[in-house]
Structures are given as C-alpha cells and as structure tokens.
2 protein chains.
Amino acid sequence: MGEPTIRDVAARAQVSVASVSRAMNGANNVHPDTRARIADAAKALGYIPHAGARSLSLARSHAIGVVLPDLHGEFFSELVRGIDRAASEAGYHLLLSNIHADAGLAAQAMRTMRGRVDGLIVMAPQFGRTLLDASLPGSLPSVLVATPDAGERASLRIDNAQGSAEMVRHLVATGRRRIVHVTGGQANLDARERSGAYRAALAEAGLEPPCDPVEGDFQEAAGLLAVRKLVTDGTGFDAIFAANDMMALGALQGLREAGLGVPHSIAVAGFDDIPLARYLGLTTVSLDIAGMGARAVERLVAALENKTGDGPAEERIGTTLAIRDTTGGMT
Amino acid sequence: MGEPTIRDVAARAQVSVASVSRAMNGANNVHPDTRARIADAAKALGYIPHAGARSLSLARSHAIGVVLPDLHGEFFSELVRGIDRAASEAGYHLLLSNIHADAGLAAQAMRTMRGRVDGLIVMAPQFGRTLLDASLPGSLPSVLVATPDAGERASLRIDNAQGSAEMVRHLVATGRRRIVHVTGGQANLDARERSGAYRAALAEAGLEPPCDPVEGDFQEAAGLLAVRKLVTDGTGFDAIFAANDMMALGALQGLREAGLGVPHSIAVAGFDDIPLARYLGLTTVSLDIAGMGARAVERLVAALENKTGDGPAEERIGTTLAIRDTTGGMT
DNA sequence: CTGAAAGCGCTTACAG
DNA sequence: CTGAAAGCGCTTACAG
C-alpha cells in the first residue's frame, strides 16, 4: 500500500536511510556490497525517489517555470520547443502556466510557482512595466522573452532592426527603388522598430520612400487594404515590405486583384516566416523562435548556477532572410 | 536574506505557525483579529507560501505531468493549449516533458515526475505496449492520448472511422461515384482505420472503389505520385479522398499538372484540417485536438478526485467536416 | 564507510 | 480559537 519510500528500501537492505540516499545519488562513500544490497532492494520494491521531497531538502527543484500568454499556433509551439530542448539538455523540467486575459490571475499564477521552480521564463507582451513588477516574485531569477518594457531585467527580443534593414537591402540589391512599407501599428513596439529600420535602411541606400508607411495592424486584411489605397492614390511603387507575413499575404491578394504581377512588377516581402510563407513562396524575415527559447533557458540556467557574468540585460535574437519567389529579379 | 517562511510570518504576527497555516488556507477556525494580524504580517513580509512544501505534506501537487514526443507545429500546440486550458480551470499546473528519440530516456523522464505530479497525460504514438508498461510508473494515474495499443489504460483517440465515413458520405451526396482513397500506409493505425471506414462507407452507399487504395505515407509527395499513377493507369475517378491533408495538397498539385479541374472534374478531400487547408480551401475532416487535450485532463482529474465511475477505457474524440472549395457541387 | 539526528516549509490531528 | 508536536520523504553535516 502506498509507494515505497526511502525508509522501505533502507529496511529491506538493512541499512540506514542515509546510506540509501547516498547510494541513490551516486556518492562515492558507500561500500560496494552495501551499494549492491541497496540497488537490489530498490529494484525489488520498484522504488522511485520522490522528487518533491528531494526538492524541498535541496532547496532546488530543477524545474523552470514558463509563463506564456494564451496564444496559438506556430510561435507558441516553436518557443516551447526551443525552451524544452534546452531545458531537458540542462536537466530541467518545465512547469507551464498560461496567463490568460486577467492580469490578477497572472500575478497569482506566478505566485503559485514559488517553491516549485528555480526560475522563470516569462513572455508577457501585453504587460506593462508596473504589472510586471507587481507579478514577478522578486526573488525568483527570471528571463523575459518577447516582452517590451523589461526594464533592468534579463530579456530577449527579436532583432527587428537587423531583419528590416537586411530585407530593405535585399530589395534594393535586386533592383527595387520605390519600396513601400506597411506597418503593424504605432502601439506595437516590434512594429515601430521594424518601420524605423526601414526608413533608416532606405536613407542609407540613398532612396526616398515613395509615400508614408501605410498604417496596418498585422492582420491579413490590412495588407489588402494597403494595396487598394496605394492604387487609389496612384502611388508609384515597385515593392511592398510588410511588417509581418499575414499583411504580406493580404498584399499579394490585393496585387492580384489589381492585376499587378508579382514579382514581375511588384516585389513583396514579409516578416516572421510563418509556415504559410514557405508554402506560398513568400520572401520574408525568418525568426529563430526556437533558438530564442533555447537562449532564454541558457541565460536562466547560467544565472541559477551562476557560472557567468550575465552580459547585457537586453539581448537581441538575430534573424535571417528567407528569399523566395515574391522578390525575384526584376525584368 | 532568504524568502520569508511561515515561521517568519508567525513570529511577526505573534502566533503559532499552525494559525498562520490555517489563516492562509482560509480555515474558519481563526479569530478575525488573529486573521487580520496574520494577513498584515504576510503582506509586510511579502510572504508567498512554498508550494513544494505544501505538496509534500498534502501528498498532492496539483500538477499534471504531460509527456509528449518531440513534435512540431500545430498538433502539438493545439493539444497543449487544450490541456492547459482545462488544467488551469481545474486548478492544476502542467509539468512538461518531452520523450525524445531514446526510449530509455522516456522511462527516465516519467520516473522523475514521481512526487511532482498527481497524474500523467501521455502521448507516445511510437511506443509499443511493452515500452509503455515499462515506462509508466504503475502507481500514477494516467490518460493516454493518440497512442495506439493502450491496452487497459484510459485512452483517447481520434474517431477516424466517423470522420472517414462522413467524408465519403459527403462526397457521395455531392454526386461523386468513383472515389479513390490514398492511404497513410499499413503500418499506421490511424491510416488503417481511415481506409477501413472508407471501404465500409462506400459499400454502404452501394458503390465500388474504382481501384485499390493507393498506398501513401502521409507526405505531400505521396499525393502527387498517387495522381500520376491514377492517370497513368487510366483509372476513371471523380474524387480523391486522401488520408491526410498534406497528401491531399499533393494530389491537388498532381491534378493541376494533369490539367484536371478541381472541383469541376475531380473533388479532393483530406483529413486533419491543418491551417493550410483552411487557407487553400481544402475540404477536410476537422479534428478537435484542443478538445482532445481538454478531455484528457477532464478524465484524469476525475480519476484523481475520484468523483466518477470511469467509463470506457478507450474513448474516441469526434470529428467534424470542414466543407470548403475542393468538393464543390459537380457540373 | 555508516548511522542518528536535524532540517527543508508546510499541514493537521490532538489537547486544551 | 490556539499551540506544541509529529509527520510528509528526502539530504547532509556530524560523530564515529
């Protein structure tokens, strides 16, 4: 009845629980005979050490709390995949917690992790600085991911500037001169960084934007509407760089509607490299989401096992260009 | 220095730790004044109860272990999303563990969960019965998901037969009479169930298959090759029902290549409802993956809080038809 | 090399 | 309503 404990093993092997503990943990100060007796007893009883009890006495859970917003799809799964891979390599389990809409629950969720995890990886794009301060148990080491306004905390963000700049350079290199940008909206920091870098890269290439960036909202429809507006306005342009892939796909649709050939007349580029982008041949900026997750674990584990001087609080994850059909050479 | 413990709160409020414990847990046998003093002290110290210690004395972690294969994309994220939603509603945390390629590690991974979780949700499609038996800590309640060969254990699987039958009926109802099936291979149980139901539904409709099912492997290329084979063989057919969406997409490509109009000449249907299917207008069978995850939690929690007679060991998750462009009415 | 004992931070009969 | 004490299943100085 009930799972066998270290006591049962000790009794069966006729040794103290201390010896069982030492044997189970591979300490070297255990006589080979004793060790063998203990191994036999453990096996016979089907003994599995109680990880919770172990954590309590070691004050170490070897678990990492992962706090994420309630999000769907690829980004989420890639991030968790990267976190998981790095965590299991480093010998850590993952304790998952979603912060659903309610901010009060978010603080609550993080509190209930205390005493279960050694540190936290938190993605809370919609949190402000104050909410973050209120929610994060001060004592738990943490790394923020894709979270603006991290303050002094260790954090990881996508290198929006690099990605945008490279994409603009690619467009210019393939002969485009009148490159329009569709933004993700002023409220979003990633969107602002992308459009800022677009302007800068254009200037660097000695080019003028053919018009002001068209305001979008990261939704597919915004891309479609942007093209309609450009056509209505009679703007002359030969490329569209959208702040994300969904808007780029919308733009593709708008161009088809307007009878403008891609990439023949107009080049189209996005940002994110969602699975659809690959399937539909959209040129875009690839984010290594899994790599970002893995890097978060790396930094957290380094802090936990303080084997490192921490480096900059905010670190950027590099991007790569995925050049596909929609930015083919001009004719 | 160090996090405040229940002791510190007790000292500050000048009561015993027992009273603090009772107050923190909302027991009713605490004098209001005492309760207030304790609340003040806890607040002043920033006290957060240590969940690990709590688990140990309650012999209850309120955590569910989730053991998954190393998989990517939509299926994974949907499943975890469903599990997470139901778990957090029921007041459980999720402890995630990937069973990577190595089967020895899988057993190890499940062992390290003992004492951290109250039960397990396991998805191990590539495991056999014996591996499963060897890996699952006998004492931990568990629910298997999308795992063939579950034996007597509680398990959840997709209702392949229902989905296939409905799809065949839909094709028949929209006028198709010569429906070809592309299978996912004999080695895969889901594939076998889908093709079995295809045959049965056809027979039920009084129809003959125009040819033997074409053997595939769930990859896109298999769908393309299947069409080429049908064309080469001169098989007369007016619909293709592929055992999954990727093969259906391959078939679409093959039909385009062969100059056969969809859905005008040939209807195409898949199985899975991956995001691409929606985007490309592919008619398919939708699986409620998130629902399956949520249901797994429900059953596990019911077992943990044994508020229920368990019902059948194996339960099937229903499917729904997503009727889109590729099976439009015949002309 | 080994064991008795204290401790990790909680909860909960038990007695008052 | 409250507290002293035992216990959850481990680990680890300490003494031998």
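Student: How many residues of chain B are in contact with chain A?
Tutor: In this predicted model, 32 residues of chain B are in contact with 32 residues of chain A.

Student: Which elements of chain B give two or more residues to that side?
Tutor: They are α4 (51-58), α5 (73-89), β2 (93-99) and α12 (275-280) of chain B.

Student: And which one gives the most?
Tutor: That's α5(B), with seven residues.

Student: What about the mix by class?
Tutor: The side of chain B that touches chain A has 11 nonpolar, 14 polar and seven charged residues.

Student: OK, strands now. How do β2 of chain A and β2(B) run?
Tutor: They run antiparallel, and three bridges join them. Within this pairing, A:L94 stands opposite B:L96.

Student: What rotation superposes chain B on chain A?
Tutor: A rotation of 180° does it, with 0.0 Å of shift along its axis and an RMSD of 0.1 Å. That makes it the relation of a two-fold axis.

Student: Which residue of chain B comes closest to the rotation axis?
Tutor: B:L95 does, with its C-alpha at 2.3 Å. Both copies also use the same surface, since 100% of the contact residues of chain B recur in chain A.

Student: Switching to the DNA: which residues come nearest to strand D?
Tutor: Out of 27 residues around DNA strand D, the nearest are A:I6, A:S21, A:H50, A:A53 and B:H31.

Student: Which helices supply at least two residues each there?
Tutor: α2 (17-24) and α4 (51-58) of chain A do, together with α2 (17-24) and α4 of chain B.

Student: And how many charged residues does that surface have?
Tutor: Two, alongside 13 nonpolar and 12 polar residues.

Terms used:
Residues numbered from 1 in each chain as written. Chains lettered and ligands numbered in written order. Predicted model: local features only at pLDDT ≥ 70, side-chain atom pairs only at ≥ 80, totals over all residues. Contact = placed C-beta atoms within 7 Å. Helix = DSSP H or I, 4+ residues; strand = E, 2+ residues; numbered from the N terminus. Nonpolar A, V, L, I, M, F, W, Y, C, P; charged D, E, K, R; others polar. Pairing = 2+ DSSP bridges. Near = placed C-beta within 6 Å. Least-squares fit on C-alpha atoms with pLDDT ≥ 70 in both.
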